[in-house]
Amino acid sequence: MRASAVAGIVFANTNDNLLNKLTSDRSMASVPFGGRYRLIDFTLSNLVNAGVSSVGLITKENYHSLMDHIGSGVYWDLDRKNGGIYLLPPYLTRGMKRYTGTVDALMGAVNYIDRCGADYMVICNSDVIANVDISAALESHISTEADITIVYSHGKMPHNNGATMQLLFDENRRVKNVCFEESHEADFAIGVCIIQRQLLLNLISSAYEDDNTDVNRDIIAKMVKRLNIYGYEHKGFAAVLDGMNAYFNANMQLLDSGVRAQLFNRKRPIFTKTRDDMPTRYGTKSSVNNCIIADGCVIDGTVKNSILFRGVKVEKGAVVENCILMQSTSVGSGAQLNNVISDKNAVIGSDMILKGTAGKCFFVKKNQIL
C-alpha cells in the first residue's frame with residue numbers, strides 16, 4: 001500500500017470540559033502527561049508509526065500552546081513537502097460559525113479530507129492514552145471488507161464521558177449494536193476509527209444536511225444495521241481521560257514498569273518535542289523513591305511515588321508524595337504535598353501543607369502562588 005493511502009484526522013479539543021482545570025487555557029491535545037509528553041504525542045505517534053504522512057488537526061479554541069508544541073511537525077517526521085501536518089481552523093466552510101459537534105468539525109475539514117487523496121481516513125480523539133497498532137487495525141479493516149473499523153478496549157468504561165460507545169459484537173466481531181450506557185465491564189471504543197474516505201465524505205454531508213451533530217450517536221449508532229462495522233481490539237494499556245481522577249490515575253499507572261512497557265513500545269515509539277536541559281540534580285540529603293523525574297529538576301527534599309516535569313524544584317525538608325508537578329513548579333522548604341496536581345510555574349511556599357485524597361486531588365493552578 002502506498003504511503004499516501006492513509007491520512008489522519010485528529011480532534012484537538014475532544015471533551016475539553018472533562019479536564020476543565022487543565023484546559024482553561026490549553027486544548028485537550030496539549031495537556032501535559034507523564035513528565036515530558038503532551039496527549040497529542042500519543043495520537044500523532046500512533047499515526048506516524050503506521051506510515052501515515054498526512055494529518056489534519058481540527059482545532060476549536062485555546063490552541064496556541066498546541067501550535068507551539070507541534071511547530072512544523074519535525075519531531076514526528078511530519079515536516080514534509082507532500083503531506084505533513086495541517087492545522088484546520090475551527091470554522092465551518094459555510095459562514096463563520098464555530099463547530100458545535102463532531103459532524104460540524106468534520107464538515108469544516110471537508111476540503112482537507114477531499115484533497116488529501118487518501119483511500120482511508122483514520123479519525124482519532126486526543127483524550128486517549130494508548131499505543132495503538134494502527135497498521136494492524138487497517139489490515140483488519142481491509143480483510144473484513146469493513147465500511148468502518150472501530151478500535152476498542154475491554155475493561156471498565158469511562159463513566160463521565162457520555163459519548164463513549166459500548167460495542168456489542170456477533171461471532172465474527174461485526175458490531176451488531178452500539179449503546180452509550182455506563183457498564184462496569186464492556187467492550188468500548190477508545191477514540192480511533194478507520195473509514196474509507198469517500199464514504200466519510202458522503203456520511204458527513206448527509207448528517208450535516210439533516211442537522212445531526214455527533215458522529216458516534218448520529219452516524220455510527222444509527223447506521224450499525226446498514227453498514228459493515230467491525231471492531232479491532234487493542235489489548236494493551238489504554239486510558240480514556242474522562243475527568244481529573246482518570247488523568248491522575250493514568251499518570252500514576254506509569255510508575256508500574258509493566259504499564260510503561262506496554263505504552264512505550266520500542267517497535268512503536270512515542271515521539272515528542274525535545275528540549276535540551278541539564279540533568280536533574282539531587283542534593284546530598286535528598287530521597288527519591290518510585291518516581292518519574294524529567295530533566296532540569298533540582299531535588300533537595302523527599303519525593304515518593306510522583307511524576308515531576310522539567311525544571312521542578314523541591315527544596316530541603318519538603319516532602320512530595322503521590323503528586324504530579326508540572327513544568328517549573330517550585331516547592332519550598334518544609335512543605336508537605338500529598339495527592340496534589342500542580343500546573344506549570346506554580347509556587348508552593350515554605351511549610352505549606354497541601355493534601356488531597358486518592359479520589360479528589362488538590363489542584364494548584366498555572367502560575368498560582370501559595
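The second largest pocket of this predicted model holds about 480 Å³ of space. If you would like to find it on screen, start from Lys 156, Pro 158, Val 240, Asp 242 and Ala 246, which lie closest to its centre among the 21 residues that line it. Three elements each give two or more residues to this lining: the strands β8 (148–155) and β13 (238–240), and the helix α8 (244–253). Of the elements, α8 makes the largest contribution, with six residues. Sorted by chemistry, the lining of the second largest pocket has 10 nonpolar residues, nine polar ones and two charged ones.

Now let's move to the largest pocket. About 690 Å³ of space lies inside it. Its lining is made up of 33 residues, and the ones closest to the centre are Thr 14, Asn 15, Thr 102, Asn 125 and Asp 214. A good way to trace the walls is to follow β6 (120–125), β11 (186–196) and α7 (215–220), each of which supplies at least two lining residues. Which element gives the largest share of this lining? That is β11, with five residues.

What about the chemistry of the largest pocket? Here the lining divides into 14 nonpolar and 14 polar residues, together with five charged ones.

With both pockets in view, two elements make handy landmarks: look to α8 for the largest share of the second largest pocket's lining, and to β11 for the largest share of the largest pocket's lining.

Notes. Residues numbered from 1 in each chain as written. Predicted model: local features only at pLDDT ≥ 70, side-chain atom pairs only at ≥ 80, totals over all residues. Heavy atoms only, no water. 1 Å grid on protein atoms, 1.4 Å probe; cavity = no way out; pocket = protein on both sides within 12 Å on 5 of 7 lines; lining within 4 Å. Points joined across faces, edges and corners; volume = space filled by probe spheres on them. Helix = DSSP H or I, 4+ residues; strand = E, 2+ residues; numbered from the N terminus. Nonpolar A, V, L, I, M, F, W, Y, C, P; charged D, E, K, R; others polar.
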